[in-house]
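Reader: Please take a close look at a single part of this protein, the nonpolar patch on its surface, and set it in its context.

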Amino acid sequence: MATWRKQYVVARPVYSEDSFVEQQEKICRQRKTPWDHIKLYFTCDSKRVKNAALSLLPIIGWMKIYQVRKWLLGDVVSGISTGLVAIMQGLAFSLLAQLPPSYGLYTAFFPMLTYFFLGTSRHISVGSFPVLSLMVGQVVLRLVPGDGKPPANITGFEGLSEDHQRVLVASSLTFLMGIFQLAMGVLQVGFVVVYLSDTLVSGFTTAAAIHILVSQLKFVLGLNVLSVNGPLAIIDTLEKIFVQITSTNICDLVTSIVIMVVVFIVKELNDKYKAKLPVPIPIEVIVTIISCGISYGANFETRYNVTVVGKMVKGYESPMAPNLDVFRESAVEAFPIAIVGFAVAFSVAKVYSIKHNYTIDGNQELIAFGVSNIFGAAFRSFAASTALSRTAVQESSGGKTQIAGLISAMMAMVVTLALGFLLEPLPRSVLGALVIVNLKGMLMQVREIPYLWRRDKLDCVVWVGTCVGAILLGLDLGLAVGLGVELLTVVFRTQFPRCSVLANIPGTDMYRDHKDYMHIYEIKGVKIFRMPSPIFFANIEFFKDKLTEAVGFNPLRVLKKRNKALTKIKIHLKKSEHMTKCCFHIDWNADLPGNISIPRVDLHTLILDFSAVSFMDISAIKGLRTALKEYIRIEVDVYIVACDVYILEKLHSTMFFDEEIHTSMFFPTLHDAVLHVQEKRKDCKSGNHWVRKH
């Protein structure tokens, strides 16, 4: 059944770009110079000072509208719930960073204190994130390998225990990561995150989840496996685990399996009944408390040789300066860690800002995380970002602002100052099990592969390339591989776009690919060619090849054959009529004398649709100029339509126009050009096959 559509009728002249400019008066705008932008940037007035203060301290904005009666109770409940999760995740993720568990509580506390004032997101839970923890852990292992191996030659390691050396490396690396984030925020380059597409981040985090899973197997199985780092480290680790599999600690294994099954089931119930539950069941906290009690009562450490958390650091140590030697040794790894940490946090923050209708600022988020990581690193915390599961708890349990985040940080402080000793009997296998069960979301991203393959094969290549590269080569090199593959796909899309020949939808001014519709009208002798991509040095030859393919002949070859034929015709005329001078026009599609044969050209008009061409460089302009002249010289009229005004200005400034290529060849719309061609061809009369003038 046909759907009734509204009708519209527009009556106007057929415009070329020349006639449009003549009729429509254009405003001459004076563009600002770089110096004007610099002066404006450093101009200071009361309004700019106020805006700068609100920008640098977003807390001022949301505190002014804070509704105590409506929001405070929700923030308190959310802060307690999130704090419990943050404590457990801090302990667990510190193992990924190759640090004693108590330092995970530092990461749950210090970074949140500064983000509270500087962050623009009201819902993300700032703290440890498993992928960042693992990336930090790889650097820590490289510089302080342990297991009897000597550490790197770094000034400042003298007199420190192995744990303190690792803490120094992790905090210095985090400090440098914060410097990178702060610098990018100050320089307003928050846009750098756009180079990490959702597909790349998904493939990267899936690979990270596999690395995390493998790294936690030794805790789940109770094995003493030497940690390795570098390319193919995951294969080496799996080999070591399988060699020692017969030495598995049964108590650790049974405990881990029970923990994972229970936590998984309760998390599924939390998701299923989240609309009915006022607060998600804090199952991680519950199983941790129960495990601590059972381990202490049954004396797991002595009786079953179970590795426990052990001595917890009580209270906070004095601030510590970063180590410059660690800066030099870890600069290559610090930058991708900074990028990944910001990309994950920003993407999560964006989801909740859209849901709750407020804006976030990417550059301010960089500043906030940069300052938070610098401040936290001074107090021995490691890389902070956010975790989707923890943020989901903070939002779903009623959190409205970062007051909930501040309360969760206070809970971590209470545990650090007073209650940490209660966690000392906790088996490390429990923490490993909690890490693994929280990987479900990242591991399930594998299901995106069939979808991407059906929808966009190049995106699928990015996902698989990033994931495989990160699994085999390590997270730092894997991220570089993913970026390389992603940039290659961009080059491929722009260098080899899907060109098309357009035709008219009868009764409309719309034009579509002639291969896609059954009832479509192609004007005889007219080709409409469209290239949906910028035209630049790398794809100008592709453009010319595709254009040749679309019209069905090579204009340069036709021109050469016509010139040869013309020479023969002149010789024939001189012999037959004894003429020394003659001027004539030849119908090249007619039968020519003397058995002269040349390719037939049925095309009289070529229209180039530039509506999707966003820019052209000098090489492309030169190549286009050459191509147009080749068609013009074989008597094919060429028109360019819907050309961007700035491209037109560039064509004028580069001396594109001459006695053969005129501004009258440009039209504002495709339909204007087609109507002009039809009007022009209507008056054409067919003459002799070749006409001679004395």
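Author: The patch comes after a few remarks on the model, and a single exposed residue closes the account. This is a predicted model, in which local features need pLDDT (the predictor's confidence in each residue, from 0 to 100) of at least 70 and side-chain atom pairs count only at pLDDT 80 or more, while totals for chains, interfaces and linings use all residues. Residues are numbered from 1 along each chain as its sequence is written, and side-chain values use heavy atoms, with hydrogens and water left out.

The average pLDDT of the protein is 86, and 93% of the residues reach at least 70. In residues 685-694 the pLDDT falls below 50; this stretch still has 18 contacts (heavy atoms within 4.5 Å) beyond near neighbours in sequence.

The nonpolar patch covers about 520 Å² and consists of Leu232, Ile235, Val464, Val468, Leu472, Leu473 and Leu477. Such a patch takes residues with over 30% relative accessible area and no salt bridge, its nonpolar side chains (Val, Leu, Ile, Met, Phe, Trp, Tyr) being joined within 5 Å and like charges within 9 Å. A salt bridge is a side-chain nitrogen of Lys or Arg within 4 Å of a carboxyl oxygen of Asp or Glu. Areas are from the Shrake-Rupley method with a 1.4 Å probe, and for residues only the protein chains shown count as cover.

Helix 22 (residues 457-473) contributes the most to the patch, four residues; helices are DSSP runs of H or I, at least four residues, numbered from the N terminus. Val468 sits in helix 22 and is partly exposed because its relative accessibility is 41%, between the limits for buried (under 20%) and exposed (over 50%).

Leu388, in helix 17 (residues 388-396), is exposed at 52%.

How values were computed
Helix = DSSP H or I, 4+ residues; strand = E, 2+ residues; numbered from the N terminus. Buried < 20%, exposed > 50% of the residue type's maximum accessible area, 1.4 Å probe, protein only.
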